[in-house]
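Work through the exercises below with the structure open beside you. Try each task before reading its solution.

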Amino acid sequence: MTILRCACLAGLALVTGCRWGVPLAHEADVVIYGGTSAGVVAAVQAAKMGKSVILVGPDRHLGGLTSSGLGYTDSGNTQAVGGLAREFYQRVYRYYSAGSAWRWQKISEFKNEGQGSRSRVDSEESMWTFEPHVAEEIFDAWLAEHKVPVYRNEWLDRENGVVKKDGRIVSATMLSGRTFVAKVFIDATYEGDLMAAAGVSYHVGRESCSVYGETWNGVQLEACKHHRHYFMSRVSPYKVAGDPKSGVLPYVSTEPPGRTGDGDRRVQAYCFRTCLTRLAPNRVPFPKPERYDPANYELLLRELVTGRNDFFEKFDAIPNLKTDTNNHGAFSSDFIGMNYDYPDASYARRREIVRAHEDYQKGYYYFVANDPRVPSGIREEMAKWGLARDEFKDNGNWPYQIYVREARRMIGEHVMTEHDTLGKTQVEKPVGMGSYTLDSHNCQRYIAADGYVQNEGDVGVGTKGPYRISYGSIVPKRAECRNLLVPVCVSSSHIAFGSIRMEPVFMILGQSAATAAAQAIDERKAVQEIDYGRLRGRLLADGQRF
């Protein structure tokens with residue numbers, strides 16, 4: 001078969017054969033599936049190490065949540081962030097050091113607050129809050145600097161697309177017919193689709209506390225650590241308040257919640273991290289969804305009229321008079337209980353789930369801003385807000401990426417647990433650090449024994465400082481796959497993942513995964529067998545911290 005060089009790949013990868021204009025095989029040392037922040041950083045690191053690399057995935061816009069609304073970074077202890085992850089936040093700093101970056105406000109007017117640190121840290125030339133389009137521009141420019149070929153809107157054939165031989169992935173074929181061949185693959189998706197298609201073991205939902213001897217895993221009926229995410233007043237779940245015969249309001253489960261500590265298949269809630277503004281020239285009023293039904297928000301109304309006064313608490317400021325607006329409250333933008341089948345669902349079913357979340361959240365905003373029954377103080381204030389006109393301009397100003405807080409989690413060489421994150425055990429062979437609170441959002445909304453509605457699953461337990469993340473948590477068991485690394489759907493219990501799942505950590509692990517991939521190629525070994533001392537030395541030389 002004739003070997004053709006494809007100009008769009010900048011000479012970094014080979015294309016073998018063509019059919020109806022679609023190249024049949026793209027070949028590189030490292031193929032990364034998933035254009036998340038971890039995927040972008042992994043691609044940059046692989047290129048820096050002299051390896052040919054291809055970034056391919058379903059994403060139309062790169063960067064995952066980092067460029068899709070999560071601009072108020074869940075940074076935790078920023079001293080734990082090193083390497084290319086820190087370089088990303090330094091690039092943000094440099095961008096906002098130019099006066100031209102401040103279109104809608106002066107830099108002197110910006111409230112210098114972040115989550116875990118100040119927003120701008122001049123002494124370290126880093127900045128931890130930013131606008132979505134700025135993050136995307138940085139990611140795109142970074143890949144262009146290293147001439148990384150990118151294939152967007154390419155969806156893995158999850159049924160038949162992965163070919164394995166002798167415990168190694170040989171190739172991955174997309175639904176388009178494109179096939180990607182590599183020596184090492186990296187799954188950087190939020191869902192872990194390549195990992196699953198390769199036959200690697202994984203878990204969905206919450207393990208029981210007994211599996212790993214944990215306290216905060218499984219059902220947590222008594223764990224009201226974040227009181228603001230629970231119903232703190234008595235609110236009836238029934239259509240006619242207090243009358244069970246009238247039926248249950250939307251988004252309340254009639255299933256028993258389970259017992260504290262028990263495992264289940266429930267997944268913590270998803271939402272969109274929306275970019276809002278009150279600035280009239282840049283504000284788009286909240287749209288009314290096609291399938292809008294105010295009856296869907298009756299439970300919210302009942303909560304608001306109890307006197308709730310913290311509705312706007314998570315409208316976190318990012319530059320240019322915009323926000324990263326996140327879930328807050330017992331009934332909020334989190335669509336509790338409506339994502340359980342997402343991790344293993346077909347692409348078509350996932351699209352249905354994402355659309356339902358979009359309709360729900362748009363309806364939620366529209367309801368609060370317009371329904372006359374909403375307390376006037378909240379309604380009138382909400383009506384001053386809207387979507388930022390200059391963000392997500394090709395998507396109706398709505399974020400590209402739903403916040404998949406958790407989907408599949410690999411069961412790899414080492415499973416990170418709360419013991420590792422709380423400093424009760426010492427991790428061997430670290431490749432990065434985490435530091436954020438053990439943070440699970442609610443997993444269900446149910447009818448409590450007293451007949452009132454309650455949420456369950458929201459846990460917030462602080463770590464005792466930065467902790468190490470094991471190399472074994474980003475590699476599968478050797479018997480299952482020898483040339484795959486997984487820096488996002490890492491091997492972790494549900495509650496430990498509640499801390500690990502932050503965007504800076506995904507970038508950290510993306511860099512470490514790419515470094516290990518390059519080393520495995522050089523040593524001609526399985527990723528589980530590389531010389532850890534050499535890996536550690538390179539990571540430290542490249543600025544990783546652990």
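**Exercise 1: Helix α1**

In α1, S37, A38, G39, V40, V41, A42, A43, V44, Q45 and A46 are buried. The model is a predicted one.

Task: State how many of the residues of α1 are buried, and check the length of the helix against its number of residues.

Solution.
- Step 1. Of the 12 residues in α1, 10 are buried, so the helix is mostly covered.
- Step 2. Helix α1 covers residues 37-48, and the expected span is 1.5 Å times one less than the number of residues.
- Step 3. For 12 residues this gives 16 Å, and the C-alpha atoms at the two ends are 17 Å apart, so the two values agree.
- Step 4. After the helix comes G50, with a positive phi near 80°.

**Exercise 2: Helix α12**

Task: Find which residues of α12 are buried, and explain why they line one face of the helix.

Solution.
- Step 1. Helix α12 runs over residues 532-541, and its buried residues include Y532, L535 and L539.
- Step 2. Looking down the axis of α12, the buried residues lie within an arc of 60°, and therefore they line one face.
- Step 3. This fits a general rule: an α-helix has 3.6 residues a turn, so residues three or four places apart point the same way.
- Step 4. The cover over the buried residues of α12 includes β20 (430-434) and α11 (503-523).
- Step 5. At the N-terminal end, D531 is the cap: one of its side-chain oxygens is 2.9 Å from the backbone nitrogen of G533.
- Step 6. Just after α12, the phi of G543 is positive, about 95°.

**Exercise 3: Residue S68**

Task: Decide whether S68 is buried or exposed, and list what its side chain meets.

Solution.
- Step 1. S68 sits in the loop that links β4 (53-56) and α2 (83-96).
- Step 2. Buried means under 20% relative accessible area. S68 has 1% relative accessibility, so S68 is buried.
- Step 3. A polar atom of the S68 side chain lies 2.9 Å from the backbone nitrogen of Y400.
- Step 4. The backbone nitrogen of Q401 is 2.8 Å from a polar atom of that side chain.
- Step 5. Beyond four places in sequence, S68 is in contact with R273, F392, P399, Y400 and Q401.

**Exercise 4: Two hairpins**

Task: For β17 and for β23, name the partner strand and say which residues are buried on each face.

Solution.
- Step 1. In a regular strand, side chains alternate between the two faces of the sheet.
- Step 2. In β17 (residues 322-325), K322 and D324 lie on one side, T323 and T325 on the other, and all of them are buried.
- Step 3. Strand β16 (residues 315-318) runs antiparallel to β17 and is joined to it by 4 bridges. One of the pairs is F315 with T325.
- Step 4. Between β16 and β17 there are 3 residues, and N320 in this hairpin has a positive phi near 65°.
- Step 5. In β23 (residues 453-456), V453 and N455 are on one side, Q454 and E456 on the other, and all are buried.
- Step 6. Strand β22 (residues 444-447) is antiparallel to β23, with 4 bridges. Here Q444 has E456 as its bridge partner.
- Step 7. The hairpin of β22 and β23 has 5 residues between the strands, and G451 takes a positive phi near 90°.

**Exercise 5: Confidence**

Task: Give the average pLDDT of the chain and the residues where pLDDT stays under 50.

Solution.
- Step 1. The average over the chain is 95, and 95% of the residues score at least 70.
- Step 2. Residues 1-12 stay under 50, and the model gives them 26 contacts beyond four places in sequence.

Terms used: Residues numbered from 1 in each chain as written. Heavy atoms only, no water. Buried < 20%, exposed > 50% of the residue type's maximum accessible area, 1.4 Å probe, protein only. Pairing = 2+ DSSP bridges. pLDDT = per-residue confidence, 0-100. Contact = heavy atoms within 4.5 Å. Arc of directions from axis to C-beta. Polar contact = N/O pair within 3.5 Å; in protein donor to acceptor, adjacent residues only side chain to side chain.
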